[in-house]
Amino acid sequence: MEVSGNIWMLASCFLVLLPRGGAQMGQSQYDPDAVTTGTFPDDFAWGVATSAYQVEGAWDKDGRAPSIWDIFTMDGSGHVKDGSNGNVACDQYNHYKEDVQLIKSLNVKYYRFSISWSRVLPDGTEASLNQAGINYYKNLVTELKANGIEPMVTLYHWDLPQALHDRMGGWQNASIVQYFGAYARVMFRELGDQVKFWITLNEPWVVAWLGYGSGQNAPGIKEPAVAPYTVGHNQILAHVEAYHIYNDEFRIYQNGRIGITMNSDWAIPKSQSQADIDAAERQMQFSLGWFANPIYGSNGDYPDAMKSISRVPVFTAAQKQRNKGSADFFGLNHYTSQLVSDKPRSASDPNSYITDIRTRTEADPSWRGSSSSWLKVNPSGMRSILNWIKTTYNNPDVYVTENGVSDCGTLQDQARLDYYKGYINNMMRAIKVDGCNVKGYVAWSLLDNFEWASGYTEKFGLIKVDFERNERPRTVKDSAFFFADLVKNNGFPSGWDTSTYIMADVEERDMFLHGSFPDGFAWGAATAAYQVEGAWNEDGKGPSIWDVFSHNGRIANHDTGDVACDSYHKYKEDVQMLKQLGVSHYRFSIAWSRIMADGTPRTLNPKGIAYYNDLIDELLSNGIQPFVTLYHWDLPQALQEIGGWENDTIIDHFNTYAEICFSNFGHKVKSWITFNEAFVVSWLGYGIGVFAPGVYSPGTGVYNVAHNIIRSHVKAYHTYDDHFRSKYNGQVGITLDCDWKQPNQFRSAKDRYAAERALQFKLGWFANPIFGNGDYPSVMKRVVKAKSLAQGLSQSRLPEFTPEEIEQNKKSADFFGLNHYTSNLVSQLDRPIKDQSYDNDQDIDITYDNCWNRSESSWLRVNPWGLRKLLNWIHDRYDSPPIYVTENGVSDKGQLDDETRILYYRSYINEMMKAVRLDGVDVRGYMAWSLMDNFEWTSGYTQKFGLYQVDFNSPQRVRSMKSSVSVYSEIIQNNGFPEI
């Protein structure tokens, strides 16, 4: 495909153009963005494309030797944007049968792929012939033809054997022509009985200029004055050599076709001055004409515009004669357009292929962009360039062998659908209206792949590939369904509704809503005791499970929360930060072992109680309401030593602790949260043991812990309801955490069911007993019981509530606390029945949309609309409970200029406002996580979520305001986003 990066791209144009916005010479006037109904000729060839280095992987398997791209990506010079390589890529070498089925599902007739020269001839010569490599391609071709798909084979797609580069300079040495001819002969002999469509070279311009001129591509040669012309010359001769070998030795009994694929942008004169019109034509001749003129022109030679340059090699008379007509078709790779203006050469300009052209190129700012800086969307350019080829080269048979657009990799790829629709429709106009002899269209690309110097940062595929997983799973994108129907329809039949391929709400996700939240909306910021307080063993505090866990070296960099932000001593400064923010509430948690060292009243600690009273008083005196969490994961170690949350006695211990807190602080605290993120305690703490207390019991312990947490919450709630509500008139709720679970493929009923099941197993697990019918979700009860019995157990691993408990559970919260950060894509994945695990019980697979921006936390991808979706899910499932978003935020490295956090807060809070104002969800408040950088559990101090920076290297733990403070403060002050 075309290369990406900030590079100069070539273009082509009509010799004479009318002003932009008008009709082009020889064409009827039309709206380039409108879709014309109609179909392609009956024998039109549809296909999809890849290339060897970009998809195959297996770089050193079964006798394959390194290519120049293997060395280029692994030499440590940083040639690739993300530091990646094609060592595995899509692993098509091991997945080709799966890929053939994907190709078949697209209804296409052709699959265009390339041969890895160094896989079949490791040192580039026939003497090194590798039968394993030959067999791979034979097997691929056999599989394609068995499924009704014809192979369209490219001999060279940029991956020269490194041995030829080392031995003789690669394409700079004229002897490469004979090496390439010999290689081509081998492939014709080995595959020609099955392959009837050959392409000699892909985009020789890219090889010549980016490989040997600018050095941006392999082999990285930077000789811009001479090398590009030499390399281009040798590539033309190599193509001609291969063509004549096929024509003379194989055509008569193989009866195939052979051509070359060239790339070009469409060039548009920036103005209607004669100088710019001439410049656009000159650009054409230096790009497409460079390679097309010797092969498809009348004289077998370079364009006149190039021959005046002394550094351009000269064809002999015999070579020119041999060049002429040395292709059965014209292969065109086209992606984008350029505005071209004249740029006279100055005396100071260095000798270079670029300065030889004497043009300046730029994009029209009105053209839509892509994930590739060089690729701007101009569909009418397709029609124009096809007409140029028709006019200049006597209307040859043309195959568009690549065309496509890059994005960040989303499955809901509206931009790709629009791109294909626009470009392909303009190609149809070129055929139907203008008489261009276009015979086929091959979409780039079948798969997301290794995009050369851009690595895996740009995605062109109709099919998503998950490069973060060893299995390289594939997922069909929405554009693939559109493309498959386009091929099936052979065009654009009347009445075809192309608006149904992307979910209806996608456009609304990008809408920014101006407005305000209801009066009295609670704005706040949040922390947790172990993460900020420090003073881990001061004034009578006992050890918690996190003290022990961190002291045992279980944290990144062996960090601990012993000092953390030292809020135990600096709480007054923290309150002033809250006041500066303008919040109405501060959500903090109480350290159970600071109140009672061993978790029981016999170690009641007056100094601990005094600390929290002082903090609460300081808040109230500054007009800030406390929003207090009783349990934020820091169980007294003494209670863990008797089993912690796995021991049923914990219910009474927690209730006693809650009652003490209600008694001591209830007259000043009006909002209580019993538990923070019960899921994390259950699964990370007692399921897989990666959080304190580090217990590994994924099949049973996890469910027992959750059961006891729910019962503990319910008992504490009723204690408040029975003994404190009438006196203090407060509210008690629970905070649950959940990512939004989006079906990976919305068209898939299995994925939709899997996403709903994931929500029930994560959020419904705790929410359904408290906010629903008092019991676990029916899907959990059914699935876990069935799996338990299949595993040979006599009863379900999921505990049961008694009828009395179910009644007690119902409506045992005054509000629904929600912690939300990110979203997941969920698909159905049957798990092994033998594995007893909460994770396996769900039969789901979790991944992310590549377009969701990353954060400093591997689990946190930014997807704002997931919050609105989740709020609506809670609203719909649980009879519209009052909701407080009790945590929401994003991690970074802790810099003061935290633009990522600013964008995150603005977008997530705006989605929350949509849920309130557009959907009627009863959201009462929002607490930003976090007030300040803090101890982030097993990540220690490596990830920062704070609105305020904390210098953890300073004994004073100096706080500094980040840029996000002013933005969040403004949102609070405006109670939303007023019209500007």
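**Stop 1: the disulfide.** Start by selecting C408 and C851 and showing their side chains: the link between them is right-handed, with 105° about the S-S bond. Keep in mind as you look around that this is a predicted model. The two sulfur atoms sit 1.8 Å apart, within the 2.5 Å used to call a disulfide. How many disulfides does that rule give here? The count comes to one.

Now colour the stretches on either side of the link. C408 is in the loop between strand 12 (398-402) and helix 15 (414-432), while C851 is in the loop between strand 26 (844-847) and strand 27 (853-854), so the bond ties together parts that lie 443 residues apart in sequence.

Switch on a surface for a moment. Is C408 buried or partly exposed? C408 is partly exposed, at 28% relative accessible area, and C851 is partly exposed too, at 22%.

**Stop 2: two other cysteines.** Next, select C436 and C565. C436 counts as buried because its relative accessibility is 5%, below the 20% cut-off. For C565 the value is 0%, so C565 is also buried.

**Stop 3: helix 8.** Select residues 204-212. What surrounds this helix? Nine of its nine residues are buried, so helix 8 is largely enclosed by the rest of the structure. As you click along the helix you will meet P204, W205, V206, V207, A208, W209, L210, G211 and Y212, buried in each case.

**Stop 4: the second largest pocket.** Now go to Q412, V506, R509, D510 and W865. They mark the second largest pocket, whose volume is about 1200 Å³; of the 49 residues that line this pocket, these five are the closest to its centre. To see which elements build the wall, colour helix 15, helix 17 (506-509), strand 23 (740-743) and helix 33 (899-917), which each give two or more residues to the lining. If you colour by residue class, the lining shows 20 nonpolar, 17 polar and twelve charged residues.

**Stop 5: the whole protein.** Finally, zoom out and switch to a cartoon view. You can trace 34 helices and 33 strands. Along its principal axes, the C-alpha trace spans about 105 × 65 × 55 Å. The radius of gyration is 33 Å, which agrees with the value near 30 Å for a compact globule of 980 residues.

Colour by accessibility, and 65% of the 980 residues count as buried. Contacts are worth a look as well: among those between residues at least 6 apart in sequence, 78% join residues at least 24 apart.

Technical notes. Residues are numbered from 1 along each chain as its sequence is written. This is a predicted model: local features need pLDDT of at least 70, side-chain atom pairs count only at pLDDT 80 or more; totals for chains, interfaces and linings use all residues. Side-chain values use heavy atoms; hydrogens and water are left out. Helices (H or I, at least four residues) and strands (E, at least two) are DSSP runs, numbered from the N terminus. Buried means under 20% relative accessible area, exposed over 50%, partly exposed in between (1.4 Å probe, protein chains only). On a 1 Å grid over the protein atoms alone, a cavity is a set of points where a 1.4 Å probe fits but cannot get out, and a pocket is an open set with protein on both sides within 12 Å along at least five of seven lines; lining residues have an atom within 4 Å of a point. Grid points are joined across faces, edges and corners, and a volume is the space filled by probe spheres set on the points. Ala, Val, Leu, Ile, Met, Phe, Trp, Tyr, Cys and Pro count as nonpolar, Asp, Glu, Lys and Arg as charged, and the others, Gly among them, as polar. The radius of gyration is taken over C-alpha atoms; the globule rule is 2.2 Å times the number of residues to the power 0.38. Contact means heavy atoms within 4.5 Å.
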